[in-house]
Amino acid sequence: MKAEIETHEEDCAPRRVLELFSVKWTSMVLHALHTLHGGTCRTGILQRSLPGISKKMLTQTLREMERDGLVTRQVFDVVPPRVEYSLTPLGVEFVEPIEMLYAWGKSHAAALDQLGSRPTSRRRG
């Protein structure tokens with residue numbers, strides 16, 4: 001009996017999840033919203049929680065996450081305007097694998113250090 005070869009079509013679930021998390025800031029925003037801020041946070045506070053992210057990149061990432069249904073945006077009618085982002089039930093569901101990866105990274109920091117510096121990382125090896 002011949003074994004079936006698994007193929008990963010362009011729209012298959014594994015490729016879609018990797019595409020979603022291949023954007024550096026998506027997973028970090030999910031993690032920060034969930035772990036540091038209990039699921040809801042104002043934009044400025046969220047930015048301060050993510051050293052290295054520009055205001056433009058945070059806004060772009062949050063807009064993409066809102067479009068994907070991972071967060072909701074609430075604008076309060078005050079001066080100056082106040083905006084909060086909250087994880088949706090789908091966003092909470094996507095936090096689970098992110099938290100598993102973060103925990104794995106913490107417990108395997110030495111192995112990660114053996115990789116050396118990455119071109120996109122500011123970490124010094």
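These are my notebook entries on a sheet, two helices and a few single residues in a predicted model.

**Entry 1: the sheet**

I began with the strands. Three of them form an open sheet, and their order is β1-β3-β2. The pairing is antiparallel. A reminder to myself: strands of a sheet pair through backbone hydrogen bonds, either parallel or antiparallel.

Which strands stand at the edges? They are β1 (40–42) and β2 (71–76), and each has a single partner strand, so one side of each is left without a neighbour in the sheet. I also looked up the turn between neighbouring strands, which is 25° on average, direction ignored.

**Entry 2: who pairs with whom**

I took β2 and β3 next. Six bridges join them in the antiparallel sense. They form a hairpin, with five residues between the two strands. Looking for facing residues, I found Val75 opposite Val83 in β3, and Phe76 opposite Arg82 in β3.

On the β1 side, I counted three bridges to β3, and these two strands run antiparallel. Here Thr40 has Ser86 of β3 as its bridge partner.

How much of β3 is covered? I noted that five of its six residues are buried, so I wrote "mostly covered" beside this strand.

**Entry 3: Glu84**

I then picked one residue of β3, which spans residues 82–87: Glu84. Is Glu84 buried or exposed? Its relative accessibility is 18%, and buried means under 20%, so Glu84 counts as buried.

I listed what Glu84 touches, leaving out residues up to four places away in sequence: Thr40, Cys41, Arg42, Thr72, Arg73, Gln74 and Phe76. I also found a polar contact of 3.4 Å between the side chains of Glu84 and Arg82.

**Entry 4: helix α2**

My next stop was α2, residues 24–36, which packs on the sheet and touches β1, β2 and β3. Its direction makes about 95° with that of β3.

I checked the length of α2 too. With 13 residues at 1.5 Å a residue, α2 should span 18 Å, and its end C-alpha atoms are 18 Å apart, which agrees.

Which residues of α2 are buried? I wrote down Trp25, Thr26, Ser27, Val29, Leu30, His31, Ala32 and Leu33. Just after α2, I came to Gly38, which takes a positive phi of about 65°.

**Entry 5: helix α5**

I repeated the length check on α5, residues 89–107. Its 19 residues should span 27 Å at 1.5 Å a residue; the end C-alpha atoms are 28 Å apart, which agrees.

Where does α5 kink? I found a kink of about 25° at Glu96, shortly before the proline Pro97.

The buried residues of α5 are Gly91, Val95, Ile98 and Gly105. I looked up what covers them, and the cover includes α1 (13–22), α2, β3 and α6 (109–114). A helpful reminder: an α-helix has 3.6 residues a turn, so residues three or four places apart point the same way.

**Entry 6: Thr43**

My last residue was Thr43, in helix α3 (residues 43–48). Its relative accessible area is 22%, so I put Thr43 down as partly exposed.

Which residues does Thr43 contact, leaving aside its neighbours within four places in sequence? They are Leu58, Leu62, Val83 and Tyr85. I also looked at the C-alpha atoms of Thr43 and Tyr85: the two residues are 42 residues apart along the chain, and the separation of these atoms is 7.1 Å.

Technical notes
Residues are numbered from 1 along each chain as its sequence is written. This is a predicted model: local features need pLDDT of at least 70, side-chain atom pairs count only at pLDDT 80 or more; totals for chains, interfaces and linings use all residues. Side-chain values use heavy atoms; hydrogens and water are left out. Helices (H or I, at least four residues) and strands (E, at least two) are DSSP runs, numbered from the N terminus. Buried means under 20% relative accessible area, exposed over 50%, partly exposed in between (1.4 Å probe, protein chains only). A polar contact is a pair of N or O atoms within 3.5 Å; within protein, one must be able to donate a hydrogen and the other to accept it, and residues adjacent in sequence count only if both atoms are side-chain atoms. Contact means heavy atoms within 4.5 Å. Two strands pair if DSSP finds at least two bridges between them. Axes are lines fitted to C-alpha atoms, for helices over the stretch in contact, and angles run from 0 to 180 degrees between N-to-C directions. The expected span of a helix is 1.5 Å times one less than its number of residues. The bend at a residue is the angle between axes fitted to the seven residues ending there and the seven starting there.
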